[in-house]
Amino acid sequence: MNDCLFCKIIAGEIPSAKVYEDEHVYAFRDINPQAPTHILVVPKEHIGSAAELTEENSAAARCLVAAAKIAEREALTGGYRIVSNVGSDAGQTVKHLHFHILGGKRLDDTMA
């Protein structure tokens, strides 16, 4: 999409602190981290959110496999959280499927 922030980051039009890239997935550090480690994992294919996934689309699986590799590289041995927001009520601000990897400290038990 022409106006998608994450598509522009993936294309290199907007700089990012890249931590991982393969044929299908791009991951970079969040500019407003909510934990010591806060990385966004996005499919290179534009998909608006998890609500747009289909049985034929493997974007989410590819992102989660990449997230596990990233967590290992980041030494998140005590654990980490993976979150994907869907829609504005859930806090999704960029309409491109993405997963937040949060870790590097003991995270609060609440999700709100």
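User: Which residue of E2 stands opposite lysine 18, and what makes E1 and E2 count as a pair?

Analyst: In this predicted model, lysine 18 stands opposite phenylalanine 28 in E2. Two strands are taken to pair if at least two bridges are found between them, and E1 and E2 are joined in the antiparallel sense over three bridges, so they meet that condition. The two strands also form a hairpin, with three residues between them.

User: What elements does the chain have, and in what order do they run?

Analyst: The chain has two helices and five strands. Read from the N terminus on, these elements follow the pattern α-β-β-β-α-β-β.

User: In what order do the five strands lie in the sheet, and why do E1 and E4 stand at its edges?

Analyst: The sheet is open, its strand order is E1-E2-E3-E5-E4, and the pairing is antiparallel. Strand E1 (18–21) and strand E4 (80–83) each have a single partner strand, so one side of each is left without a neighbour in the sheet, and this is why they are its edges. On average, and with direction ignored, neighbouring strands of this sheet are turned by 20 degrees against each other.

User: How many bridges join E3 to E5, and how many join E4 to E5?

Analyst: Strand E3 (residues 37–43) and strand E5 (residues 99–103) run antiparallel and are joined by five bridges, while E4 and E5, which also run antiparallel, are joined by four bridges. Since at least two bridges are needed for a pair, E3 with E5 qualifies, and so does E4 with E5. Between E3 and E5, leucine 40 has histidine 100 as its bridge partner, and histidine 38 stands opposite leucine 102. From E4, isoleucine 82 stands opposite isoleucine 101 in E5.

User: Why is E5 called largely enclosed, and which way do its residues point?

Analyst: A residue counts as buried under 20% relative accessible area, and five of the five residues of E5 are buried, so the strand is largely enclosed by the rest of the structure. Phe99, Ile101 and Gly103 point one way from E5, whereas His100 and Leu102 point the other way, and all of them are buried.

User: Which strands does helix H2 lie across, and how many residues does H2 give to the largest nonpolar core?

Analyst: Helix H2 (residues 59–73) lies across E1, strand E2 (25–29), E3, E4 and E5, and runs at about 150 degrees to E3. The largest nonpolar core has 18 residues, of which Tyr20, Ala27, Ile39, Val41, Ile70 and Ile101 touch the most other members. Two or more residues of this core come from each of E1, E2, E3, H2 and E5, and the largest share, seven residues, comes from H2. Apart from this core lies another one, of 10 residues, among them Phe6, Ile10, Tyr26 and Leu40. In soluble globular proteins, nonpolar side chains tend to be buried together.

User: What is isoleucine 39 in contact with, once its neighbours within four places in sequence are left aside?

Analyst: The contacts of isoleucine 39 include Val19, Ala27, Phe28, Ile70, Phe99, His100 and Ile101, with neighbours within four places in sequence left aside.

User: Why does arginine 73 count as buried or exposed, and why does serine 49 count as buried or exposed?

Analyst: Arginine 73, whose place is in helix H2, has 57% relative accessibility, and because the cut-off for exposed is over 50%, it counts as exposed. Serine 49, whose place is in the loop between E3 and H2, has 7% relative accessibility, and because the cut-off for buried is under 20%, it counts as buried. Leaving aside neighbours within four places in sequence, arginine 73 is in contact with Val19 and Tyr20, and serine 49 is in contact with Val86, Gln92 and Leu97. Arginine 73 and valine 19 are 54 residues apart along the chain, and their C-alpha atoms are separated by 9.3 Å.

User: How do you know whether the radius of gyration agrees with that of a compact globule?

Analyst: A compact globule of 112 residues would have a radius of gyration near 13 Å, and the chain has 13 Å, so the two agree. The C-alpha atoms fill a box of roughly 35 × 30 × 30 Å along the principal axes. Of the 112 residues, 39% count as buried, and among contacts with a separation of 6 or more, 53% come from residues 24 or more positions apart.

Terms used
Residues numbered from 1 in each chain as written. Predicted model: local features only at pLDDT ≥ 70, side-chain atom pairs only at ≥ 80, totals over all residues. Heavy atoms only, no water. Axes fitted to C-alpha atoms, helices over the stretch in contact; angles between N-to-C directions. Contact = heavy atoms within 4.5 Å. Rg over C-alpha atoms; globule rule 2.2 N^0.38 Å. Buried < 20%, exposed > 50% of the residue type's maximum accessible area, 1.4 Å probe, protein only. Core = buried A, V, L, I, M, F, W, Y, C linked by side-chain atoms within 4.5 Å.
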